[in-house]
Every structure is written in C-alpha cells, then in structure tokens.
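Subject: Structure handover

Hi,

Here is the structure for you to look through. My notes follow below it.

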Amino acid sequence: MSTQLSERPTERARERRWWPVVAPLALIAIAASLILPAGRHQWALSLFRQPTYYTSLAFDDSTELPSTAVRGGELNFSFTVGNHEGRSVTYRYLISEGSSGKGHAVGQSKKTVAPGASWTVSTAVPATCGGSPCRVQVSLPGHPEMIDFLVTLTASQ
Amino acid sequence: MADQLGGRRNRTGDSRNGEGRRSGRDNSGRQRPGYEPGYHETDYYEAGRYEPSDYESGQYEPGRYGPSDYEPGRYEPGQYEPGRYRQSDYEPGRYEPRQYEPARYEPSDYEPGQYEPSGYDAPFDGRRHPVPARSPRPPRREAALGRRPAPWIRAPRGPQDPPRRGGNISLAVAGTAALVLAVNVLLLTGFRLPALGFWFILILPAYLLYTTDTWRGSSGAERVGYSVAAVILLLMVGGLMINTILPPLGIARPLDTGPVVIFADVLNASLYAFRWRRGADLSWLSQVRGLRPSEVRLIGTGLLCVVLAVLGADRLNNNAGDQVTLVALACVIVTVIVLLARHRQLGDGVISVTLYLVSLAILLMESLRGWYISGDDIQTEYRIFQLTEAHGHWSMSAAPHLAYNACLSITILPTEIANVVNVDGPYVFKLFFQLLFALCPVLAYTFWRRYASKLVALVAMLYFIGFPTYVNDIPGANRQEIAFLFVSAAALAVTNSNWPQAWRRVALFAAAIGVELSHYSTMYVFVGTLAVGWALGSIVRLRRRRASSRAGDSEETAWTTARQTIGAGSVLAAISVLLLWGGLATQTAGPLLTDVKAAVTQFSHPSAVTPYSLFSRSTVSPQQVLTNYRAAALSQNAAATPHHVYFPTSVVDRYSTPLESEPAMPLTPLGRVLSRIGVPVSTVNTDVRQGAAKDEQLFIVAGFAAFIFSRRLRRRVSHEVLWLAAASIVTVAVFTVFPNFSVDYSAERALQEALIWAAPVLVAGSIALFWPFGRRSSVRIAAVVSAAIFISTIGFLPQILGGYAPQLNLNNSGVDYDFQYMQQQQVAAVTWLETEPEVLPGGLQAPMGPTTADPFEFSNPGSVTGTQFVDDIYPVLIKRYSWVILSYATLHTGRAPLYSDGQLVTYRYPVAFLEDNKNLVYNNGSAEIYK
C-alpha cells in the first residue's frame, strides 16, 4: 500500500505539470491568431459562411427568342447581367453573330453595376450572318459567362 | 476467447460456480477480492449472473485486489467507501441492479491511485465506521422470492424513505415550468430558439421519461435510448393523430407552430404527471460529480472531436482545405485508441458518452458538408419534408407515388422539430437528426455489453462506426437513422433480462411500430431478421428436444431454457404492423411484393451493387452498364411518338459518350515518399479498403463457426440473440444474392443494420482466427486489426497518402462532391428557372443525380403535386423542346453521372451536342441552362 501511496503524488504531480502549461499555451495561441489578420481570416473560414461570387447572364423571355429571321432584318431580344461579385463591376457586353465558327461583332456597350444589382439590356441587332443557322452570342469580355441562340435565316423577299 | 467475449454469463451455471458466487470466494477458495466479507454479492451482482471463470479473463483476476487496495483517500463519498454502508443498507429491491452493475464498476476500476483522496472523510483503519442510523427495511416480497417486480408495478415507499422531492426539487420544477412558459411565448411570437426548442420538444420529454421507474433495471445509456426512442415514437404517433383529428375540427394546418407547441406542452405535462406518480431516484448528478480528471479529459477530447468536425466541415464548405477535418479525424482516432487501451479503467457511462461524441463527430463531418442539402437520398427526403412543412399537413396524396412520403420520420417528425427549433430547413436533418442518430452506436454498444467484455464491445463498435456506410452514406439517409434507433432499442428490449417476458414483447412491438413508421425497407430487414431468427431457434429447439427425449436426458442448461421473447406471435405482430401501415394505410408495400416476384425470376441476374461482397456473384462492369443503358435509351428514342420528340439518332450518333472513371487523389508528400521507396500507395489503399471488407465478412463467417463449435462460447450468449445475429446476416445474404433487393434497398445499409445484432460475432470471428497467437494476444491483435481498418475506412489513411478516390467529408472533389454537393450557383439557376414557363412536369432534363435533378422538383413545394419528374440528359434522350440544365460537375469535369442497375457510372458528356442544337439561355459559370 505504501508503494501505491507513494505513486499517487507522482501521478498527480504529472497532471499538475502538464495542464497548467498546455491550457494557457492554447489560450495564448488562440488569442494570437485572433490578433493577426491572417489568423482571423482562418477563424472566419471555419466559423462563418463565406459568400460565393459570380456573375449571371440570361436571356429574358428565353422561350420567345427569335428562331427564324429574314437575312438583313432585325433580331429583337433582351438579356440581363446580374452582379453577384460582392463589389461594383463595370461590365461590357459584346454581341456577335456567326456560323461555322466565324463570327463578327454586331453590338456592344458597357455599364457599372452595383453589387447585387442587375443590368437589363433590350436590343435589336441586324441578322447579317453569312450562313444558316446563325448563332447570335452575348458574351462579357473578361468574364467566362456567355449565352447564345440559333436563328435560321431566310433570304429577303 | 470465450472469456474475452463473455464479460457476463447467463443466470444459471454449474453448481460449483454457483457455490463460489454465493460464498463470495473464488475457485481456489480464497476470499473474493474487492468485496468485503459479510456482504452478499447478490447485493452488488445479480445472482447467477457471474461465474468465477469471469475472473480468469484478466478483468477479474483472483488475488489482484486485496484489502490493501482500499487505502484511505481512494474513494470519494458515495463510491463504495469501506465501512460506510452496512449490509442492511443494501436491502433487496432498494437499489436497482443498474447501480451496481459489473459493467460499470469492475474490480479493475478500483486500481490504486484512481480515486482522489479529497473526498474521503474518514481514515481507513481496517474497521467499519458507523453510518447515520437507518433502520433496516424488510425485503419486499418479490425480492424475498428472488423475483423482480414488473416495471409497471411501483415500489411501495417505506416510512424510512427519504423524501424524493424537497425544496431544491420544487425550485427545479418551478424553474422548468417557467422556462417552458417562456419557450411557449417566444416560439409563438416567431423567435428562433434552436437549442431551447430542441430541449423543449425532445430533451425535456426524454428526461422526464428517463427519470421514471418505467425502465427499472436498465443502465443509464439504456434508459436514454429507451426514453429518446419512446419520445420520437410519441412525436410521430401524436403528430399523426393531430394531423388526422384537427383538420375536421377546422384547423387546416395541424403541423404549424401553434398546434405543435400545444402538442409538445400536452406531451410534457402528461409525462410530468406520469413521472410524479412513477418517478425514480436516480443519482446521475452524483455520477457526473464523481468523474475522475482522466475521464473528464477523455470526454473533453470527444467534445473536441465534435467541435473540430464542425469547424472542418465549414472550412471545406468555404473551399479552405481539409486540414481541420484531418485533425478532427486524428482526434477521433486518438480517442478511440485511448478507449481501447484504457477500457479497464473506464466505466461504461464514460465510454458511452465518449462513444456518442466520437460517433457524432464522424456523422457531422459528412452531414454538414455544403450550405444546402448534400447527399443522395437526403435530397428526396428533404423535398418530402418541405412538402409537409409547406402544407402544414401530411398527406400521402401530396406525393402518392413516392414511398418516402410514408416515412413519418422525414415528414411529420422533422416538421414538428422545424417548427420548434425554427432554423433553416436543411439543418433539421444536417444537425438535429445527427444528434439523435449518434445515440445508435451507444445503444448498440450497451446491447453488446450484455454478452461481451468492454474490449470486445469496443472493437465491435469500431467496426460499426468505421463501416463506410456509416461514415459516408447514413448521414444522408435520415429516415434510416431514426429507424436504426428503434432497431437498437428493440435489441436492448428483447434482451433485457430484468423485464418480464410480456414487457419485453410489448417493447418489441412498440419498436416495430417505430421502425415501420420511420422507414419501410429497414422494417423489411427487421421483420426478416425476427422471422428467420425465430425459425432458426424453433428448428434447433425442436431438434434438441427430440435428441433429449431419445437420450432420456432431462438436463436443462441456460442455453436451452433461456426465456424467449420472440415467438410466432411477436413475428406476426411485426408483420401485421408492416401490412397495416405499409399495405393498407400508405400502400407502399406493393414494391416489396414486386421485388420478391422479380427476385425469383431474375435470380440468375448478377448483382452489381455489392462489389466487396463475398456472397454476391460476378458483377456487371461499368462499361456493360453504360452499353445496356444506351441500348435502352435508343429503344425509347425509336419508340417515341410523335417521332420528333427526340433528336434523330443520326444526329446524336455524331457525339460519343465514352466511359470515364473518377480520377484518384494525387499523392500527398507522405504518399510520394512511400512511393519513392517502392510502396505502391494506390494499390495499398485499394487493397486495404477491399481487404477490410473481405476480412469483415470472413470474420463473420469465422465468428459463427466459433459459436457453432465452441459450446463454452455459445453459452455466453442467449441462444435467441445468436439466432437473431445469424438471421440478420442471412437477410443481408438475401440482399446480395437477389439483385432487386440490393438495388432498391442497398445491401450495404442492410449490413449496417445487421451489425447491430452481429458485430460481436464478427469480433469473435477475428479473435478465433488469431487464436493460434495465444489467448491474450489474439484479442489484442483483433483490436489492433479493427483499429487499422477503422483508420482506413473513415478516410484518414487514404487522405494522408493520396492515390484513392476522394471522400466528400474530406474533399471538394470526387464523385460524391460532383453529384451530391449543391453549389450556390446551382441554387441560383433553379431560382431563375422557376420563373420560366413549361418547366414542369416533363419539360426539364438534368444530369441524373440528387443535386441536379431533384432540386427542381421541390423549388416550389406549395405547388408540387407529386407528378413532377425530371428526365436524364443522356444525348439519345434529349428532347427537342425541353429545358436542359448542366450542373457544376459536368461543366467543370466534363463528366455526367448515370445510375443504372444499382450502379453509378460516369461518362464524358458531349456538351457540343447541346451547343450545336439548343440555345444557351442562362449561364452563371457553374450552371448552364439550354432550351
């Protein structure tokens, strides 16, 4: 029993030796990480949902897009650019037409869009494709998003 | 092996052992250490439950503990202080066996230095000290006759009983009532009360039940399990009642916040009244106060695992890497190793709490992935839940063709919880259901502890929570989680020898109702297990009876005479529950009959979904799956009327769809180091994972063989439990042999359910296979092997080495991430599509998969009629005028998923086909919509 009794202080001493050291060290490490911006960012990544930034581009009335047109006539359509980038962005759109991989620009414009806002564009472009079907494409240079539709062109009367 | 497996024995044994027990001496005639002379052991341990051989296994070593072990200062008050209690203090019937179960306090628990001297207030001088006068009470009649009173019979209170409710208790009751009142007011005024709401609807009623004498004779974990399962059943059945009764009374939305809060109030008040009459004196608070520092640290480590799991999932959701989740997994592994290494020093209560936390951490790593609903089945479950919540009413007619709608666990139950906790819908499943299901492993552990030592039960637990289905699949199958809770409670109830047979059968019947209301296919496996188990037992008993009568042998052993719970009546009752709910009330049992018929006719068709199974035969290759699907799609295309619905095959054939498998993770620095010295890391990972699956099946076979050939081992368990374990494995074998079952009901999940019954058999098999290394070594090797398998199957080993398929709980890549993880841009695309015409029904096509097709069906749950469907985007099946959505995975990896023959294959998707033939009308970088 005496042996056992003599072991107990050793075990307790070991506990006393480690935990008062480890606990303050952990607290200091946490406090230091909260002081440093990089540390705060890491905590934020673990604790809070970070926003996802993106841009959306879509035709309005997508079921009413022109599917046939007279060559040289006008193509009327509208589209919307949505800014979900979390900051103001100056968007430039480019409308191009083409067939068989060859295209040419038929319209463009640019505008600064506030975060969370959208920019609706209603436009009319001439149907000037060399071949048919003709692909009308709306793209945002500097952004990967693009949309398009196909038009079958008929000869003018 | 038998010693290790059997921490306890059946009640009856041979007379020599029985004599040893009664006299308080071991086989050698020495005074049994650890228990004071003059005390009958029956006061601590039930008569006939333990045999001297139990003390040979290393857990109860004769001579290991002597009087000198009881040195001053080792025990705190209330923890078996020498001389503190007189024999008369331990009068029969007063203290429940639960309080002195050997599972909780083993001699090894009383090791020198374990208990702090602080609480010991009397020096040890070898004599007993007087205790405050307490006159001995006469034993109750049942106890005097050696019988236990039925759980529903309340023990009469003696004149010397201390008052159960004093001023402090009244204060607690008043405080609770005030809190309940405050919760009522806040909930009805629309406040968000996640923690308080959960306490109000689930924890409080469970606590009220926990502290009644209904569960007399049960351990703490067992009480928790019964109480939580009972409350869940009450919530489902009660919810169904108000859902049925209130609409005719003019309340059209009976599952809205108001009715649910009132129902919860009625439930709490009823349970409180019940507790007032049938309250039990439980000393759980003193047990908490009596925790040793090492136990507190262990529980703290488990808690740390949970915190790290949550933080790690958040980091991954923010695309910030797997570091914290890896640390969480390392923490889980360390905790498990400490449990294995120090199991003798730990009480079952501490082990149970730690296991709960570890199990919860593993679940949360998976369930908290994604800011939306992520996973497979959970997408449809969530849609059904949204349907019920949107209507404020559950009805099968809301989605009549969807069997999921018959599961009250994902319709009424989450709606009730959601209305009270008032959090975003997905988190009812992602968090609160996981909090409930993490109890399942604890209940399974408690069940195994009835027959197995701590170490064997812990090793069995590793196989259970390390099973890939538990890690990656079950967190996304919430109906099955609740059903598994009832299966675990049923296992405990069936084997509760402290309850009379009738009470056990009533509990089994209640659990069967819970399983059926929660999940139909779990019920099929459950009923199959009961039926096959009963049949096996009946056959063996009949053979034994004939053999005994022929031999004129009238000797009866525990094995042959152990009381049965599951008779023909119990099986028929369970089947009737299935037929009444699945057949008549919801009419969802029809597919089962179809599957049975198909299983008979398609027996020759190999199953494709159990690639690791020893039972299944050859599997269909992925290429064959794709070829079969294309052939079926071409037939559908050709047979379509009018013919211009689809694009002609002459157009589609220009675009190929080659099979493309998911790439493995690149090697990590550690993996590259190993690779440089010649270790084939990828092969090692694959071999370890597949070897683990094969080993587990081999262990199960070896385990049953061990039970068949070792009479001594067999006697450790009730024969009924062994038949149930065998029956559960037979049921899984049926799943793997018959393709329809494995496709429709998942053989892996059936195996997970079977492990509740059979995991200790698996461990016995592993010990038996390592037996040539020696008795002690075999157990240690079995534990090490299980830990090694655990480290691999939870994903830690593949993650630190690389060269293996990525898992969703650790990566932002892989099949599960591609096709089960909902991106914000996909949600935005769905939202945009809602405003477009002719989308549903039938106007939408999306890649097969839970996060691509399913969301469209519930984007507006109020208008869902159950007829909505979304078609696949396989090129041959693309319709000319449909909407087609391409998801994040297809756009970023070029692959599309295909679920066919119960197998997931991926193929390269020809996006050019859509570009050439349709308009691209929406694009946000991670989702594109064509028209």
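Helices and strands here are DSSP runs, numbered from the N terminus; a helix takes at least four residues and a strand at least two. One caution before the findings: this is a predicted model.

**B:Ala589**

With that numbering, B:Ala589 falls in the loop between H22 and helix H23 (590-601) of chain B. Its relative accessible area is 10%, so B:Ala589 is buried; the cut-off for that is under 20%. Leaving out residues up to four places away in sequence, B:Ala589 touches B:Tyr524, B:Leu578, B:Gly582 and B:Gly583. B:Thr893 lies 304 residues from B:Ala589 along the chain, and 40 Å separates their C-alpha atoms.

**B:Trp581**

Helix H22 (residues 568-585) of chain B holds B:Trp581. Is B:Trp581 buried or exposed? B:Trp581 counts as buried, because its relative accessibility is 12%. Which residues is B:Trp581 in contact with, once neighbours within four places in sequence are set aside? They are B:Leu240, B:Trp394, B:Ala406, B:Leu408, B:Glu516, B:Leu517, B:Thr586 and B:Gln587. B:Leu285 is 296 residues from B:Trp581 in sequence. In space the two are 41 Å apart, C-alpha to C-alpha.

**Chain B overall**

Chain B has 38 helices and six strands. It runs to 931 residues, and 59% of them count as buried. Take the contacts in chain B between residues at least 6 apart in sequence: 79% of these join residues at least 24 apart.

**A helix pair in chain B**

Helix H12 (residues 377-391) packs against helix H14 (residues 425-437), both of chain B. The angle is about 130° and the axes are 10 Å apart. That angle makes H12(B) oblique to H14(B). The crossing of the two helices is right-handed. On the H12(B) side, the contact is made by B:Ile378, B:Glu381, B:Tyr382 and B:Phe385. H14(B) brings B:Gly425, B:Pro426, B:Val428 and B:Phe429. Sorted by class, the contact has six nonpolar, one polar and one charged residues.

**Positive phi angles**

Most residues other than glycine have a negative phi. Two residues to check against that follow.

- B:Asn422 is not a glycine, yet its phi is positive, near 55°. B:Asn422 sits in the loop between helix H13 (412-421) and H14 of chain B. Its relative accessible area is 25%, so B:Asn422 is partly exposed.
- A:Asp61 is not a glycine either, and has a positive phi of about 50°. Its place is the loop between strand S1 (54-59) and strand S2 (68-70) of chain A. At 55% relative accessibility, A:Asp61 counts as exposed.

**Strands in chain A**

Strand S3 (residues 74-84) of chain A and S6(A) run antiparallel, joined by nine bridges. One partnership to look at: A:Leu75 has A:Val125 as its bridge partner in S6(A).

How do the side chains run along strand S6 (residues 118-126) of chain A, and which are buried? They alternate. A:Trp119, A:Val121, A:Thr123 and A:Val125 point to one face and are buried. A:Ser118, A:Thr120, A:Ser122, A:Ala124 and A:Pro126 point to the other face and are not buried. A:Val125, the bridge partner of A:Leu75, is thus among the buried set.

Best wishes

Definitions and conventions:
Residues numbered from 1 in each chain as written. Chains lettered and ligands numbered in written order. Predicted model: local features only at pLDDT ≥ 70, side-chain atom pairs only at ≥ 80, totals over all residues. Heavy atoms only, no water. Buried < 20%, exposed > 50% of the residue type's maximum accessible area, 1.4 Å probe, protein only. Pairing = 2+ DSSP bridges. Axes fitted to C-alpha atoms, helices over the stretch in contact; angles between N-to-C directions. Parallel < 35°, antiparallel > 145°, perpendicular 65-115°, else oblique. Left-handed = near helix turned anticlockwise from the far one by under 90°. Contact = heavy atoms within 4.5 Å. Nonpolar A, V, L, I, M, F, W, Y, C, P; charged D, E, K, R; others polar.
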